[in-house]
Amino acid sequence: MAQAIQSRGPVTGTAVTTKKRRKFFLLDLYGTAVGKKYAMAISGIMLVGFVLVHMVGNLKMYLGAEDFNHYAEFLRELLVPILPRTVVLWLLRFGLLAAVGVHIHAAMSLTRLNRKARSVKYQSPRDYQVATFASRTMRWTGIIVFLFVFWHLADLTWGFANNVGVDAADGEFVRGDAYGNVVRSFERVPVAVLYIVANIALGTHLFHGVWSLFQSMGWNNPKFKKWRKNIAIAVSTLVVVGNVSFPIAVLAGIVGK
Amino acid sequence: MSHHLENLTLKIWRQNGQADAGHFESYRIDSISDEASFLEMLDVLNEKLIGEGLEAISFDHDCREGICGTCSLMIDGQAHGPQRGTATCQLHMRKFKSNDTIVIEPWRATAFPILKDLMVDRAPLDRIVEAGGFITAATGGAPDANIIPIPKPVADAAMDAAECIGCGACVAACPNGAANLFTGRKGEPPQPAAAGPGRTLEPRRGDGGDDGRVLRFVHQPRRVRGSLPEEHQPRLHRLDAQGLPPGQGEEPQADQPDLARDPRSSPINRCGAAPRSMRSDWLLQRRDAAE
């Protein structure tokens, strides 16, 4: 009589002694899915903070060239009497770069864990009940935003993309003339469209990111659970509406020379 | 007056063991009562297949009253099908329409290897529960209902605590194939039983984690999910003529219970959660049949 019997592994987690030496607790934590989610959430909070401040700062555009360029110069002169010019700006930039690095590394290793946990995918279409469109497209919106940031830097920080497709008569990228550079960039319709599309991708990413970071950090007490979605909608709407208004304002002639 | 559904097409995953790649096969149900349960519809199909000399479709089922957590099935891309909060066995054909095409797939997760067709091995969930520790205690028969008056809120909370029947749908539905919902549910302390005057029914910080139980839970799936070392991978053995697993010989070892004599003494059955195929009554029947 054929009987199937399964030989079983150790019954308790403590029965297996791991030979590996204990790692530094932060690395040990980062080795777990929960730790990687913490890393995603904390670096995400830093990046959301930057995106919000960036949008609010850019609203100075509506006050005119002088105010806007003064604000750009102010960023370079943060804490100037205490520290030399641009030092704080560079500290912030390195902080953001570190956050981006951690965010991408955690995302990649979580994706690897995800693939490993379901090595054979469902062979028929899924009918998702809970996972939103935003949550299922995080990888793609993330990649779109990442690539867009390179364009954005080339356009308005490094400047070499700022002159593409612009008449020589309209002048060239001028370091320090943030207002003029923005106007020159957004007067190119395809570029304005690119900014709008990229910001919608960013908003989609932020919606799920802001919502899920509460879950990742364990801030999901029933008392404020219902606020999580509202906060996520508010943050992503604010960022998208603010950022998308800039190219539209330039094209509509509200912001211009 | 029951109605009948006509001309259903079923696309069912067929897979002959873990080594097989598997494929969808289409079947036609000409007519079925809308009062039939989903599993009864599969029974009818299997009867037809057996009558034609074809191999029946393997799927898990046991109590068929929605409490055991044995049935599974990904139906039209939803775990347990389109009806909220019920297991597949409580899904009825009235939820479908004539001429529907219904796609049926097994749970898919690396931790749940497909045994055959729609049947998967959910032993990792048992290992998570075992990791939390268990005791053996004679508790006698179930007491008569209402002998111990239980206040309604406590009874409700007890029902909530018992809501997870360990079917694995959370793992199947999770985009990450994670057992976090199961683990979280089993990690909650049995508060309703402990609730007395001045005690809260809400899980409190530190509850359940004080003895490291939840930590052991959490470390268990880390080994199980995808990265289980070879020596802990589930293995299937054929028992030898004495009904013993290979390597146990004629002489039962002193510290090994005599599985052939009394399956109820096997370490498996001292565990809180034996795999469904290994429950003692099943083993006893099989042994009696062999003798």
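Reader: Let's start in chain A: which residues of α6(A) meet which residues in α8(A)?
Author: Happy to begin there, with the reminder that this is a predicted model. From α6(A) come Met138(A), Thr141(A), Gly142(A), Ile144(A), Val145(A) and Phe148(A), and they meet Ala198(A), Ala201(A), Leu202(A), Thr204(A), His205(A) and His208(A) of α8(A). By type, these residues divide into seven nonpolar, five polar and no charged.

Reader: What makes α6(A) oblique to α8(A)?
Author: The two pack at an angle of about 135 degrees, their axes 9 Å apart. Roughly parallel would need an angle under 35 degrees, roughly antiparallel one over 145, and roughly perpendicular one of 65 to 115. An angle of about 135 degrees fits none of these ranges, so α6(A) is oblique to α8(A). Their crossing is left-handed.

Reader: Why is α2(A) called oblique to α8(A)?
Author: The reasoning runs along similar lines. Helix α2(A), residues 33-58, and helix α8(A), residues 189-216, have axes that come within 9 Å and cross at roughly 130 degrees. That angle is neither over 145 nor within 65 to 115, so α2(A) counts as oblique to α8(A). The crossing of α2(A) past α8(A) is left-handed.

Reader: How do you know which residue is the one charged residue of the contact of α2(A) with α8(A)?
Author: By going through the names. On the α2(A) side are Lys37(A), Tyr38(A), Met40(A), Ala41(A), Gly44(A), Ile45(A) and Val48(A), and they meet Leu206(A), Gly209(A), Val210(A), Leu213(A) and Ser216(A) in α8(A). The split is eight nonpolar, three polar and one charged. Lys counts as charged, so the one charged residue is Lys37(A). Gly counts as polar, so Gly44(A) and Gly209(A) are among the three polar residues.

Reader: Why is Val166(A) called partly exposed?
Author: Val166(A) has 16 other C-beta atoms within 10 Å. Buried would take 20 or more, and exposed 12 or fewer, so a value of 16 lies in between and Val166(A) is partly exposed. Val166(A) sits in the loop between α6(A) and α7(A). Leaving aside residues up to four places away in sequence, Val166(A) touches Arg184(A) and Arg188(A). Arg188(A) is 22 residues away along the chain, yet its C-alpha atom is separated from that of Val166(A) by 7.5 Å.

Reader: On to chain B: how do you know that β1 pairs with β5?
Author: Four bridges join β1(B), residues 4-14, to β5(B), residues 101-105. Pairing takes at least two bridges, so these strands pair. Lys11(B) has Val103(B) as its bridge partner, and Ile12(B) has Ile104(B).

Reader: And what makes the pairing in the open sheet mixed?
Author: Look at two of the joins. β1(B) and β5(B) run parallel, whereas β3(B), residues 74-75, runs antiparallel to β5(B), with two bridges between them. Met74(B) stands opposite Glu105(B) there. The open sheet of five strands has the order β2-β1-β5-β3-β4 and mixed pairing.

Reader: Why do β2 and β4 of chain B stand at the edges?
Author: Each has a single partner strand, so one side of β2 (23-33) and one side of β4 (78-79) are left without a neighbour in the sheet. Helix α1(B), residues 38-51, lies across β1(B) and β2(B), running at about 105 degrees to β2(B).

Definitions and conventions: Residues numbered from 1 in each chain as written. Chains lettered and ligands numbered in written order. Predicted model: local features only at pLDDT ≥ 70, side-chain atom pairs only at ≥ 80, totals over all residues. Contact = placed C-beta atoms within 7 Å. Axes fitted to C-alpha atoms, helices over the stretch in contact; angles between N-to-C directions. Left-handed = near helix turned anticlockwise from the far one by under 90°.
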